[in-house]
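Subject: Handing over the structure

Hello,

Here is the structure I promised to pass on to you. Please have it open while you read, and take your time with it.

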Amino acid sequence: MAVLGVAMIASVTAPTASAANHWFGDISEKSVPRADCGPGSLPEVGLQGDVSAEDRNSGRSRLGYRCNLTKLGNARGAGGGIVSASFDHCSYTGSLFPGNNVLRQPGVQVVSVADPTRPRVVGSLTEPAMRGGTWETLKVNPARKLLAATAVPLLWGGGFFSVYDISDCEHPRLLNRGPGTTSPLPFTSHEGGFSPDGRTYWASGVFPGHLTAIDISNPAVPRVIWQGLHSFLGHGFGMSPDGNRMYLSNMAGITILDTSQVQRRAPYPQVPHVAAYLWPDGQLNQHSIPITYRGRAHIFTADEAGSGGVKLFDVGRANQPRYVAQIKLEINLPKNLDTNLRSATGGSIFSSNPHYCAVDRPRDPTALACAWESSGIRVFDVRNPNRIKEIAYYNPPARKNSTVADLPNSPHVLASFLGVPAVDFLSLGMSIVNGKARLDQMIGPRTGMVVGGDMSTDWCFSPPEFRGNQIWTTCADGGFYALALSPQVYTPPPDQESHIG
């Protein structure tokens, strides 16, 4: 059928006969070992990952916290949006609607990091998709040197889509001046990303779990080639290196889809279910990173909410998965969720959970870095998947009491009308019912701050990308950061290839 003049094959994804649901009931009671902080550190003093109510109220959180990871440079701008991307010596700051439109240079900000000690905004991208808010759709495909995003004004959007040639990273060149820019395409989105070969851009929506494949073999003329419904709720994803398998986040786990027919451009493609993995902690999975250990397929998968941390699965056989490890900080353990609420109250919707992560290479990764919301950027040694440990962290200085006038592109400001960390209520309730958390331990000096967050921590959402001994990332309030890892804890592998899935 034709929709808005674009040829489209639509199908509702159906499970295959061999597809199965796999339930992993374990809720980890153990955190990864703490980092051993070297000279120049300004470490946390309480629970690993916690910014206490006392530190928030006293102003201590305005100094930030650091351990083996220090700031080289910062370009605050008007805030860091939600998910940003980088390529070559440039970073692209995700836009948040409508605040990004009041800037002198509206849309997605182009940041030059030619000198990491002095990053600077050198331009902006102003097409409808960029000004409409990129949410979690702004991604780069290094193989084809492409940058793309869709317009997501608030949680859910669609229609507008922009693709850029970033061969000259400081001066992206719009490739699709027609479909997606001057006329909308028939898709919805909340999240998005490329197939590994860069020929397909996948747009995933939240409720009702809408998924779209956009053919960008010719980026000047993007066209929708498949759409379907896969589950109740969709989020981010990771894809196998050949593009034939998608690990798609759902409400309480991941759905594995066979995308091979779209990848090979079958005339009437279907996208069958392969399997689903479900678990009780981490009620909102964010994205997955396909990797290999000794040639065998694995995934790291991060839970945005519910204190599920990051899980590692052996997926060499998708329908016979093996649960390998779980990465949690002390603040994420069931017994500490009462302290989590005590600290996070007054800080708005999110508290201390991973959002986006990156490995330093997809084959036998040596390090994993995650944006851990109010706990900042956390870096882990993952060379041995059975002995994962934290090696560094950087929690940026809080921009306490900032306003929309100061940071119109910060989702933290947008959400600061609410004081309580609502996304962790379900996991906290489970912890109370199971006798792990105590009501009296939730009471503290910020308990009454139900309405009106004071931004006493930053929120780090964007993937921390490896650049040699540096990490480049953005946080909601602090904007872009170039950070340096101590050589005492990290040596870049010669084949380093930062990878977010």
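Below is a short tour of what turned up in it, beginning with the disulfides. One thing to keep in mind throughout: this is a predicted model.

**The disulfides**

A search of the whole structure turned up four disulfides. A disulfide is a covalent bond between the sulfur atoms of two cysteines. If you number the bonded cysteines of the protein in sequence order, they pair as 1-2, 3-4, 5-6, 7-8. Three of these links are described here.

Let me start with Cys90 and Cys169, whose sulfur atoms are 2.1 Å apart. The torsion about their S-S bond is about 60 degrees, so this disulfide is right-handed. The link connects distant parts of the chain: Cys90 belongs to strand β7 (residues 90-93), while Cys169 lies in the loop between β13 and β14, and 79 residues separate the two. Both Cys90 and Cys169 are buried.

Next comes the disulfide between Cys357 and Cys370, with an S to S distance of 2.1 Å. Its torsion about the S-S bond is about 105 degrees, so it is right-handed as well. Here strand β28, which holds Cys357, is linked to strand β29, which holds Cys370, 13 residues apart. Cys357 has a relative accessible area of 2% and is therefore buried. Cys370 counts as buried because its relative accessibility is 0%.

The other link I want to show you joins Cys460 to Cys475, again with 2.1 Å from S to S. With 95 degrees about the S-S bond, the link of Cys460 and Cys475 is right-handed. Cys460 sits in the loop between α6 (425-433) and β32 (465-467), and Cys475 in strand β33 (residues 470-475), 15 residues apart. Cys460 and Cys475 are both buried.

**Around β7**

Strand β7, the home of Cys90, is worth a visit of its own. What covers its two faces? On one side Cys90 and Tyr92 are buried, and on the other Ser91 and Thr93 are buried, so to speak leaving both faces covered. Strand β7 has β6 (residues 85-87) as an antiparallel partner, over three bridges. Within this pairing, Ala85 has Tyr92 of β7 as its bridge partner. Together β6 and β7 make a hairpin with two residues between them, and Asp88 in the turn has a positive phi of about 55 degrees. Strand β7 is also joined to β8 (residues 108-112) by four bridges, and these two run antiparallel. In that pairing, Ser91 stands opposite Val111 of β8.

**An open sheet**

The strands β28 and β29 belong to an open sheet of five strands, in the order β4-β31-β30-β29-β28, with antiparallel pairing. β4 (65-67) and β28 (357-359) each have a single partner strand, so they stand at the edges and one side of each is left without a neighbour in the sheet. On average, neighbouring strands of this sheet are turned by 20 degrees against each other, direction ignored.

If you zoom in on the edge at β28, you will find three bridges that join β28 to β29 (residues 367-371), and the two run antiparallel. One of the residues to look for is Val359, whose bridge partner in β29 is Leu368.

**Aromatic rings**

How many aromatic pairs does the structure hold? There are 17 aromatic pairs. Phe161 and Phe187 form an edge-to-face pair, with 6.5 Å from centre to centre and 85 degrees between the planes. This pair links distant parts of the chain: Phe161 is in strand β13 (residues 161-165) and Phe187 in the loop between β14 (173-174) and β15 (188-189), 26 residues apart. Phe161 and Phe187 are both buried.

Ring pairs also link a cluster made up of Phe24, Tyr277, Trp279, Phe313 and Tyr323.

Two rings have a charge over them. The charged end of Arg378 sits over the ring of Tyr393, at 4.2 Å from its centre. Likewise, the charged end of Arg467 sits over the ring of Trp472, at 5.2 Å from its centre.

**One helix, two sides**

To finish, have a look at helix α6. Its buried residues are Ser427, Leu428 and Ser431. They cover an arc of only 100 degrees around the axis, which puts them on the same side of α6. On the other side of α6, Leu426 and Val433 are exposed.

Enjoy exploring the structure, and do write back with any questions.

Best wishes

Note on methods:
Residues numbered from 1 in each chain as written. Predicted model: local features only at pLDDT ≥ 70, side-chain atom pairs only at ≥ 80, totals over all residues. Heavy atoms only, no water. Pairing = 2+ DSSP bridges. Axes fitted to C-alpha atoms, helices over the stretch in contact; angles between N-to-C directions. Phe/Tyr/Trp six-rings, centres within 6.5 Å; stacked < 30°, edge-to-face > 60°. Buried < 20%, exposed > 50% of the residue type's maximum accessible area, 1.4 Å probe, protein only. Lys NZ or Arg CZ within 6 Å of the ring centre and 35° of its normal. Disulfide = S-S within 2.5 Å. Arc of directions from axis to C-beta.
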